[in-house]
Amino acid sequence: MAASELSVVLPRVLIVSRRTVRKNKFVDFVGEYHLDLIVSYGAVPVIVPRVSGVHMLLESFEPIHGVLLCEGEDIDPSLYDDESNHLSLEEIEEIRKQHVSDTAIDKEKDTIELRLAKLCLERNIPYLGICRGSQVLNVACGGTLYRDIEKDLSSNLPQDKRVVHIDYDNYDNHRHIVKIIENTPLHYWFKDSLEDDKMEICVNSYHHQGVKKLAQRFVPMAFSHDGLIEGFYDPDAYNPEEGKFIMGLQFHPERMRQQDTDEFDYPGCTFAYQEFVKAVVAYNKKLSTSVQKPIKLNQEMEKKRKIIVRSFSLARNIYEGSSQMHPSKESDLDAGAEFLESNTALSIQQETRLIEMGATVRNGCSYLEKLKMNEEREGLARKIMGKMSVEQLSDLKSFYNMMGQICCEVLERKLQDIVNEVAS
């Protein structure tokens with residue numbers, strides 16, 4: 001099979017890059033281990049650059065069959081912080097000095113990744129979060145984080161319960177013990193490596209923050225000895241064979257390799273990526289089978305379709321106040337009105353709503369004034385929107401895009417009904 005054909009066949013996994021400075025310039029990167037594993041199990045990694053404004057362009061990365069989020073700086077605490085946080089300004093400054101490379105907030109990356117996480121949750125797109133990616137998933141669902149494990153958690157524990165979660169001098173080779181919860185995906189992945197009387201493995205980690213309050217939809221899969229959640233998943237959204245996979249791992253299975261070799265510490269280390277890609281492939285197949293072939297109309301029906309679409313377009317333009325209609329064109333509105341009136345699939349309430357929205361117009365002249373937006377209301381709307389954040393405006397735009405898509409789907413279905421009726 002040609003490379004160009006493979007790029008179409010293989011499912012796509014979005015991965016957001018991390019930004020660093022090299023030779024006085026910004027460089028975006030993604031850890032090679034993540035990319036190697038995604039490719040090796042049969043998916044194509046698509047890197048989403050951490051560039052200003054990309055969060056507004058995520059639709060351009062469609063189709064999205066999976067999302068893998070991994071490294072990055074601390075998530076902006078304003079996105080999750082609660083009143084119970086007791087850290088003083090002096091302690092926060094101390095944390096910043098201790099973890100210089102991780103405490104610089106990257107709001108653009110936060111926005112991109114939170115939007116992707118929420119998109120996965122809305123559409124049931126397979127999602128795997130590693131380290132920061134697990135924290136993004138938890139925050140996206142209403143969970144909170146420890147601003148600093150040492151200050152927030154370890155300081156309240158006896159010495160024998162404290163765990164070192166980050167070692168700047170021994171990044172890849174650092175390990176600490178986690179206890180795996182029975183009958184979870186992690187249990188099944190590592191069961192051949194667990195001793196009979198223990199449910200423990202040694203994991204690599206590199207983080208100073210972690211899950212504080214786990215979002216309600218998730219179930220823990222592992223804990224470190226200090227009580228920190230090291231892995232969690234949504235049991236209602238986990239079935240890789242059916243394209244379902246929503247999971248977060250605080251530790252790094254991809255880095256759990258024996259020194260100077262590519263051999264993993266445990267056979268189960270790669271299972272998170274293997275099962276994730278399995279879900280991605282299944283999700284892609286579900287999308288492919290659910291896509292309906294475009295409706296082919298004969299010449300007469302195509303002509304009728306264009307007349308109806310033109311009618312709706314005129315009604316929309318009048319409603320938006322973007323054009324004035326010549327009296328001679330008023331009859332063009334009748335086709336849309338008659339189409340909706342003759343269709344019994346819509347309830348009276350739905351048709352009334354469509355009329356109010358300007359989807360159909362009868363007796364165009366009498367509706368012209370009603371369909372023009374009141375200048376005072378328009379001014380108020382602009383004022384309100386002017387106070388909205390970029391993210392809020394983007395969400396609002398996405399909502400109306402979605403409504404437009406729904407209208408198109410309903411219209412296509414109704415046209416198909418007409419075709420079937422004519423054919424019979």
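The following paragraphs describe the fold, the aromatic contacts and some backbone features of a predicted model. Residues are numbered from 1 along each chain as its sequence is written, and side-chain values use heavy atoms, with hydrogens and water left out. Local features were accepted at pLDDT of at least 70 and side-chain atom pairs at pLDDT 80 or more, whereas totals for chains, interfaces and linings use all residues.

The chain contains 14 helices and 13 strands, where helices (H or I, at least four residues) and strands (E, at least two) are DSSP runs numbered from the N terminus. Of its 424 residues, 42% count as buried; here buried means under 20% relative accessible area, exposed means over 50%, and partly exposed lies in between, with a 1.4 Å probe and protein chains only. The exposed surface of the chain amounts to about 24,000 Å², of which carbon and sulfur atoms supply 52%, as computed by the Shrake-Rupley method with a 1.4 Å probe, only the protein chains shown counting as cover for residues. Among contacts (heavy atoms within 4.5 Å) between residues at least 6 apart in sequence, 72% join residues at least 24 apart.

An open sheet of 9 strands with mixed pairing has the order 4-1-5-6-13-12-11-8-9, two strands being taken to pair if DSSP finds at least two bridges between them. Its edges are formed by strand 4 (44–48) and strand 9 (200–203), each of which pairs on one side only. Neighbouring strands of this sheet are turned by 20 degrees against each other on average, direction ignored; axes are lines fitted to C-alpha atoms, for helices over the stretch in contact, and angles run from 0 to 180 degrees between N-to-C directions. At one edge, strand 1 (residues 12–16) and strand 4 pair in the parallel sense over 5 bridges, and Val16 stands opposite Val48 of strand 4. At the other edge, strand 8 (residues 176–180) and strand 9 pair in the antiparallel sense over 4 bridges, with Glu200 in strand 9 as the bridge partner of Lys179. The side chains of strand 9 alternate, in that Ile201 and Val203 point to one face and are buried, while Glu200 and Cys202 point to the other and are not.

Two helices lie across strands of this sheet. Helix 2 (residues 32–40) lies across strand 1, strand 4, strand 5 (66–69) and strand 6 (127–130), and runs at about 145 degrees to strand 4. Helix 5 (residues 132–140) lies across strand 5, strand 6, strand 12 (229–239) and strand 13 (244–249), and runs at about 120 degrees to strand 6. Helix 5 is mostly covered, 9 of its 9 residues being buried, and among them are Arg132, Gln135 and Asn138. The loop between strand 6 and helix 5 holds Cys131, which has a positive phi of about 60 degrees although it is not a glycine and which, because its relative accessibility is 8%, counts as buried. Helix 5 is followed by Gly142, whose phi is positive, near 100 degrees.

A search of the whole structure finds 5 aromatic pairs, for which the rings of Phe, Tyr and Trp (its six-membered ring) must have centres within 6.5 Å, planes under 30 degrees apart counting as stacked, over 60 as edge-to-face and the rest as tilted. Phe190 and Tyr266 form an edge-to-face pair, with 5.8 Å centre to centre and 85 degrees between the planes. This pair links distant parts of the chain, since Phe190 belongs to helix 7 (residues 185–190) and Tyr266 to the loop between strand 13 and helix 8 (271–290), 76 residues apart; both Phe190 and Tyr266 are buried. The rings of Tyr233 and Tyr238 have centres 5.7 Å apart and planes at 85 degrees, so this pair is also edge-to-face. Both Tyr233 and Tyr238 are buried, and together with Phe245 and Phe276 they form one aromatic cluster. In addition, the charged end of Arg257 sits over the ring of Tyr33, 3.8 Å from its centre, the criterion being NZ of Lys or CZ of Arg within 6 Å of the ring centre and within 35 degrees of the ring normal.

Most residues other than glycine have a negative phi, and most peptide bonds are trans. The peptide bond from Glu62 to Pro63, however, is cis, with omega near 0 degrees, and Pro63 is placed in the loop between strand 4 and strand 5. Asn124, in the loop between helix 4 (107–123) and strand 6, has a positive phi near 60 degrees and counts as partly exposed because its relative accessibility is 44%.
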